[in-house]
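Thanks, everyone. Let me put the model up, and then I'll walk through the fold, the ligand site and a few single residues.

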Amino acid sequence: MRKILIVGAGQSGLQLALGLQAQGYEVTLMSNRTADEIRTGRVMSTQCMFHTALQHERDLGLNFWESQAPKIEGLGVSVAGPEGARPIDWVGRLDGYAQSVDQRVKMAGWMETFAQRGGQLVIHGAAVSDLDYFSRTYDLVLVAAGKGELVSMFGRDAERSPYTEPQRALAVAYVHGLGPRPEHPGFDAVRCNLVPGVGELFIMPTLTTSGRADILFWEGIPGGPLDVFSGVKDPAEHLSLTLKLMERFTPWEHARATKAELTDANGTLAGRYAPTVRNPVGRLPGGGLVLGVADVVVANDPITGQGSNSASKCAAAYLAAIVERGEEPFDEAWMRATFDAYWDTARHVTKWTNAMLGAPPEHVLNLIGAAGGLPAVADRFANGFNDPADFENYFYDPEKTEALLEGAAAQ
Ligand SMILES: Cc1cc2nc3c(=O)[nH]c(=O)nc-3n(C[C@H](O)[C@H](O)[C@H](O)COP(=O)(O)OP(=O)(O)OC[C@H]3O[C@@H](n4cnc5c(N)ncnc54)[C@H](O)[C@@H]3O)c2cc1C
């Protein structure tokens with residue numbers, strides 16, 4: 001059977017490795033950390049995944065935590081006004097539920113499954129020189145190493161990457177003890193709190209190493225009042241800062257968080273990165289070619305919570321392309337065509353995410369405001385997180401936005 005090397009054991013690398021393994025491919029997975037190191041290490045994401053991405057996992061029988069993870073049935077939007085007011089506040093219902101399973105739980109569990117099923121797991125931080133060697137002994141080398149150093153092999157696609165600098169400073173805290181959400185006590189939702197000119201606070205339930213928890217996730221405009229986490233090393237100080245900023249900018253969320261405690265000492269994360277699309281094919285010094293996967297080739301800011309969704313969609317698309325290729329060579333033309341098929345989905349994510357990073361134009365403000373009185377619009381917007389291609393129909397063009405709002409009002 002064909003031999004495939006996958007570098008990186010994250011959402012895309014593991015999903016692809018387990019999918020190929022199930023089809024009888026001889027898969028080697030290279031990870032710079034063991035399952036235990038991942039499980040006991042720092043949180044990496046908020047990893048909220050919507051229906052289509054979760055379905056790819058179900059299709060491979062990898063939904064091991066589905067019954068334990070909270071079901072996220074809605075997506076709420078609040079906009080902060082002066083003096084703690086909340087002029088906009090609504091929730092849209094998702095057609096299929098979303099879920100967040102802490103990547104520490106999922107990646108560690110999937111890695112162990114891969115090894116138990118006979119997969120070859122190599123614990124090693126791969127360097128370009130390693131790949132040069134391996135590209136001669138494998139039929140295909142896939143680089144699924146996220147935003148790490150190996151991205152340097154893949155040139156930046158300037159036309160598809162409008163930003164050269166990070167657009168948000170990220171600060172995540174996993175907590176137990178958050179009070180119930182009073183607005184809709186009957187179901188769980190992910191809540192986007194928009195603080196104009198300052199940033200966003202996302203709150204969502206998750207399944208972490210200690211059971212059910214909630215994630216508090218600030219996205220701050222660089223240089224602004226939320227951009228204060230980079231020097232903070234003490235997790236307790238990180239949480240205390242998170243809560244202080246909630247009290248100042250989103251007091252309705254702070255009211256639920258007065259008893260919040262960190263899930264564990266590794267339950268915080270701070271960082272930033274520039275959203276970047278890259279050339280999908282990397283050329284090694286010895287002439288071999290490698291194909292980039294998921295974040296390596298398309299890394300968007302997490303403001304729209306799409307990266308893990310995209311990683312799942314990328315893994316599913318690549319899996320289908322590899323199987324369809326049969327015994328034919330995985331040459332450069334195939335690699336480019338495989339990426340192009342994925343980009344057809346990913347381009348919508350990139351366009352929408354980059355739009356959300358800028359100041360919203362008037363028609364988008366109208367849309368978000370009007371959704372409060374038009375449940376069909378709120379639902380449509382919420383379900384766009386599952387399929388961002390739908391935003392083409394009403395989000396970017398003021399005339400299309402107006403048509404949507406008029407149609408919804410007429411109903
Ligand atoms: C704060 C934050 C919040 C987020 N929230 C969401 C969200 O709510 N929803 C969502 O869909 N997405 C979210 N994302 C994005 C999402 O986490 C990523 O896009 C997704 O994990 C990318 O998957 P991947 O497989 O490409 O890479 P990763 O998950 O990054 O996996 C890459 C793996 O490769 C390993 N690796 C790196 N270098 C090497 C090497 N040289 N050799 C071997 N192994 C290596 C890494 O250790 C890692 O295990 C968020 C991201 C951040 C930072």
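Take the contacts in the protein chain between residues at least 6 apart in sequence: 76% of them join residues at least 24 apart. Keep in mind that this is a predicted model. The chain carries 12 helices and 17 strands.

Now the overall dimensions. The radius of gyration is 21 Å. A compact globule with 411 residues would come out near 22 Å, so the value agrees with that expectation. Along the principal axes, the C-alpha atoms fill a box of roughly 65 × 50 × 40 Å. How much of the chain is buried? Of the 411 residues, 55% count as buried. The accessible surface comes to about 16,600 Å². Carbon and sulfur atoms account for 51% of that surface.

Next, the ligand. The shell around the ligand holds 33 residues. The closest are Ser12, Asn32, Ser45, Thr46 and Ser308. By type, the shell splits into 14 nonpolar residues, 18 polar and one charged.

Which elements build that shell? Three of those that supply at least two residues each are α1 (11-22), β2 (26-31) and α8 (307-325). The biggest share comes from α8, which gives four residues.

Let's go through some polar contacts. Start with serine 12. An N or O atom in the side chain of serine 12 sits 2.7 Å from an oxygen atom of the ligand. Then threonine 46. There, a polar side-chain atom is 2.6 Å from a nitrogen atom of the ligand. Glycine 307 uses its backbone instead: a backbone N or O atom lies 3.1 Å from a ligand nitrogen. As for cover, the ligand on its own has 1,000 Å² of accessible area, and the protein covers 89% of it.

On to the backbone. I have two residues to show you, both with positive phi and neither of them a glycine.

The first is glutamine 47. Its phi is near 45°. Glutamine 47 sits in the loop between α2 (35-39) and β3 (48-49). Is glutamine 47 buried or exposed? Its relative accessible area is 4%, and the cut-off for buried is under 20%. So glutamine 47 is buried.

The second is glutamate 83. Phi here is about 50°. Glutamate 83 is also placed in a loop, the one between β4 (72-79) and β5 (88-100). Run the same check. Relative accessibility is 86%, and exposed means over 50%. So glutamate 83 counts as exposed. That gives us two positive phi values, one at a buried residue and one at an exposed residue.

Last stop: leucine 226. Look in the loop between β11 (211-220) and α6 (235-249). Leucine 226 has a relative accessible area of 1%, so it is buried. What is leucine 226 in contact with, leaving aside its neighbours within four places in sequence? The list starts with Val198, Gly199 and Glu200. Then come Trp218, Glu219 and Gly220. Leu245 and Phe249 complete it.

One distance for scale. Leucine 226 and phenylalanine 330 are 104 residues apart in sequence. In space, C-alpha to C-alpha, leucine 226 and phenylalanine 330 are 46 Å apart.

To recap: 55% of the residues are buried, 33 residues surround the ligand, and the protein covers 89% of the ligand's accessible area. I'll stop there and take questions.

Note on methods
Residues are numbered from 1 along each chain as its sequence is written. This is a predicted model: local features need pLDDT of at least 70, side-chain atom pairs count only at pLDDT 80 or more; totals for chains, interfaces and linings use all residues. Side-chain values use heavy atoms; hydrogens and water are left out. A residue is near a molecule or strand if one of its heavy atoms lies within 4 Å of it. A polar contact is a pair of N or O atoms within 3.5 Å; within protein, one must be able to donate a hydrogen and the other to accept it, and residues adjacent in sequence count only if both atoms are side-chain atoms. Accessible areas come from the Shrake-Rupley method with a 1.4 Å probe; for residues, only the protein chains shown count as cover. Ala, Val, Leu, Ile, Met, Phe, Trp, Tyr, Cys and Pro count as nonpolar, Asp, Glu, Lys and Arg as charged, and the others, Gly among them, as polar. The radius of gyration is taken over C-alpha atoms; the globule rule is 2.2 Å times the number of residues to the power 0.38. Buried means under 20% relative accessible area, exposed over 50%, partly exposed in between (1.4 Å probe, protein chains only). Contact means heavy atoms within 4.5 Å.
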